[in-house]
Amino acid sequence: MPGAAGSLDKKENYIKRLHKLLNTYTRVITVQVDMVTSNQIQKVRKALRGKAEMLMGKNTLIRKGVRDFQETNPATMKLLESVKTNVGLIFTNADLKEIRDIINKERVPAPARVGVIAPLDVMVPKQQTALEPTQTSFFQALNIATKINKGAIEIVNDVHLI
């Protein structure tokens with residue numbers, strides 16, 4: 001197969017780069033990157049320049065590289081436990097708190113999308129809404145208790161949706 005040789009070279013180069021990073025840096029942070037855009041990842045990489053290096057890749061390739069490296073440093077096997085979902089590795093010799101702060105600074109809230117599991121609980125607080133009384137069917141569909149107060153809908157109790 002004509003493309004297989006190039007693919008093997010890429011995988012070997014990736015594993016060599018992983019081994020080089022594991023030799024060069026003393027600390028590794030795993031970051032979960034589900035629902036993270038490539039633009040956000042680029043911003044984080046740019047902010048980390050000079051302080052840390054980010055490595056993204058397939059989990060199976062990361063696991064293979066770490067298993068191969070365990071002969072050199074058995075402590076790296078702990079890294080396998082966190083390579084389960086879509087993750088990236090950030091290698092650094094700097095203070096981990098500083099790196100975490102840089103990553104969190106680039107974090108942005110995302111709107112809800114159909115079919116995506118919410119990472120946090122969704123609560124609807126007890127409050128007065130600006131909706132007209134004709135909109136009560138919306139709340140009834142969600143099983144949220146409401147009452148009409150001063151020409152607006154009021155949510156009676158706090159509701160845990162998700």
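Helices and strands here are DSSP runs, numbered from the N terminus. With that naming in place, the predicted model can be walked through, starting with one helix and moving on to the pockets.

Helix 4 spans residues 96–105, and Ile99, Ile102 and Ile103 are buried in it. These three isoleucines sit on the same side of helix 4, because they cover an arc of only 95 degrees around the axis. And what do the buried residues of helix 4 pack against? Their partners are two strands from earlier in the chain, strand 1 (27–32) and strand 2 (52–56), along with helix 2 (38–48) and strand 3 (87–92).

Some of these elements turn up again around the largest pocket: strand 1, helix 2 and helix 4 each hand at least two residues to its lining. The volume of this pocket comes to about 1200 Å³. Its lining is made up of 34 residues, and the ones closest to the centre are Asp34, Met35, Val36, Arg107 and Val108. Sorted by class, the lining of the largest pocket holds 23 nonpolar residues, plus five polar and six charged ones.

Next comes the second largest pocket, with about 210 Å³ of space. Its lining includes Leu22, Tyr25, Thr26, Arg27 and Val28, and also takes in Phe69, Asn73, Ala75, Thr76, Lys78 and Leu79. Here the split is six nonpolar, three polar and two charged residues.

How values were computed
Residues numbered from 1 in each chain as written. Predicted model: local features only at pLDDT ≥ 70, side-chain atom pairs only at ≥ 80, totals over all residues. Heavy atoms only, no water. Buried < 20%, exposed > 50% of the residue type's maximum accessible area, 1.4 Å probe, protein only. Helix = DSSP H or I, 4+ residues; strand = E, 2+ residues; numbered from the N terminus. Arc of directions from axis to C-beta. Contact = heavy atoms within 4.5 Å. 1 Å grid on protein atoms, 1.4 Å probe; cavity = no way out; pocket = protein on both sides within 12 Å on 5 of 7 lines; lining within 4 Å. Points joined across faces, edges and corners; volume = space filled by probe spheres on them. Nonpolar A, V, L, I, M, F, W, Y, C, P; charged D, E, K, R; others polar.
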